[in-house]
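Hello,

Here is the structure we talked about handing over. My notes on what was found in it follow below.

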Amino acid sequence: MKDTKEYEESRQLHKEGYLQENRVELKDNVEVQSISSMSEEGRNNVYKYGNDLLSKILSRDNLNRAFLRVKANKGSHGIDGMKVDELLQHLKENGETLRQSLLMERYKPKPVRRVEIPKPNGGTRLLGIPTVVDRVIQQAILGWVNYFSIADMKSTLQKLDAWLRRRMRMCFWKQWKKISTKHNNLVRLGVSNYKAWEYANTRKSYWRISKSPILEKTLTKKYLEKLGLVSMTEIYLLKH
């Protein structure tokens, strides 16, 4: 009976247009100047690779499976107060907007709700509870990794992780904008004053500079993870 109910809810999401399967390519308003046709082709291949993977993760079927897992797991509400029972109606009304914001890299997860839970041996520990919507997105990523558990999955996810880190570095560089801001931030991250001025004055495009040794050594994998960037590879290895 429970399985039948979940199946009907999943069908209802499909009927009401939740998370339509029309493919949407990410739009990048950063104009990248290429040195040659080969570098332009390589850049396009990188974007296409990342976009294809993201489109698969955010496919209608995968997100519907994620919704059903969150519903089955139940759990408490997040910082926004939305309960699991309210999730279906919210996704009917806002599902496509949510998907588009993820595809366009505009989605920002909400902070977790901090609660104290008792320890078996006394005392308490803090537990962070994400919103139910953020739990759907997390489940979509985890579910996709499990569903497509193929022989070369590890190398595929390593490539995706590398692409995500490079995108993050590009976003930082673009956000810093002014030469003085770039210089000051590079110095704070350990770059010498001379090198910081040299890189801050570069005329290279955002995408090209994101691959530079300076940004790879300053905006490191560890640094980005502290800011909240999740490693797909590590999630995969924990489960396999």
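Gln158 sits in helix α6; helices here are DSSP runs of H or I with at least four residues, strands are runs of E with at least two, and both are numbered from the N terminus. At 39% relative accessibility, Gln158 counts as partly exposed, because that class lies between buried (under 20% relative accessible area) and exposed (over 50%), with a 1.4 Å probe and protein chains only. Its C-alpha atom is 8.5 Å from that of Ser231, although the two residues are 73 apart along the chain.

This is a predicted model, in which local features need pLDDT of at least 70 and side-chain atom pairs count only at pLDDT 80 or more, while totals for chains, interfaces and linings use all residues. Residues are numbered from 1 along each chain as its sequence is written, and side-chain values use heavy atoms, with hydrogens and water left out.

Overall, the chain has 12 helices and 2 strands, in the order α-α-α-α-β-β-α-α-α-α-α-α-α-α from the N terminus. Of its 240 residues, 39% count as buried.

Ser231 appears again in the cavity results. The structure holds 2 cavities of 30 Å³ or more; a cavity is a set of points on a 1 Å grid over the protein atoms alone where a 1.4 Å probe fits but cannot get out, and lining residues have an atom within 4 Å of a point. The largest cavity contains about 50 Å³ of space, a volume being the space filled by probe spheres set on the points, which are joined across faces, edges and corners. Its lining consists of Asp161, Arg165, Lys221, Glu225, Leu229, Val230 and Ser231. Helices α6 (153-176) and α11 (221-226) each supply at least two of these residues. By class, the lining has 2 nonpolar residues (Ala, Val, Leu, Ile, Met, Phe, Trp, Tyr, Cys or Pro), 4 charged (Asp, Glu, Lys or Arg) and 1 polar (the others, Gly among them).

On aromatics, Phe172, Trp173 and Trp176 form one cluster. There are 2 aromatic pairs in the structure, a pair being rings of Phe, Tyr or Trp (its six-membered ring) with centres within 6.5 Å. Arg166 lies over the face of Trp207, 4.0 Å from the ring centre; the criterion is NZ of Lys or CZ of Arg within 6 Å of the ring centre and within 35 degrees of the ring normal.

Finally, the strands: β1 (residues 113-118) and β2 (residues 124-129) run antiparallel and are joined by 6 bridges, where pairing requires at least two DSSP bridges. Arg113 has Ile129 in β2 as its bridge partner. The two strands form a hairpin with 5 residues between them, and Gly122 in the turn has a positive phi of about 100 degrees.

Regards

How values were computed
On a 1 Å grid over the protein atoms alone, a cavity is a set of points where a 1.4 Å probe fits but cannot get out, and a pocket is an open set with protein on both sides within 12 Å along at least five of seven lines; lining residues have an atom within 4 Å of a point. Rings of Phe, Tyr and Trp (its six-membered ring) pair if their centres lie within 6.5 Å; planes under 30 degrees apart count as stacked, over 60 as edge-to-face and the rest as tilted.
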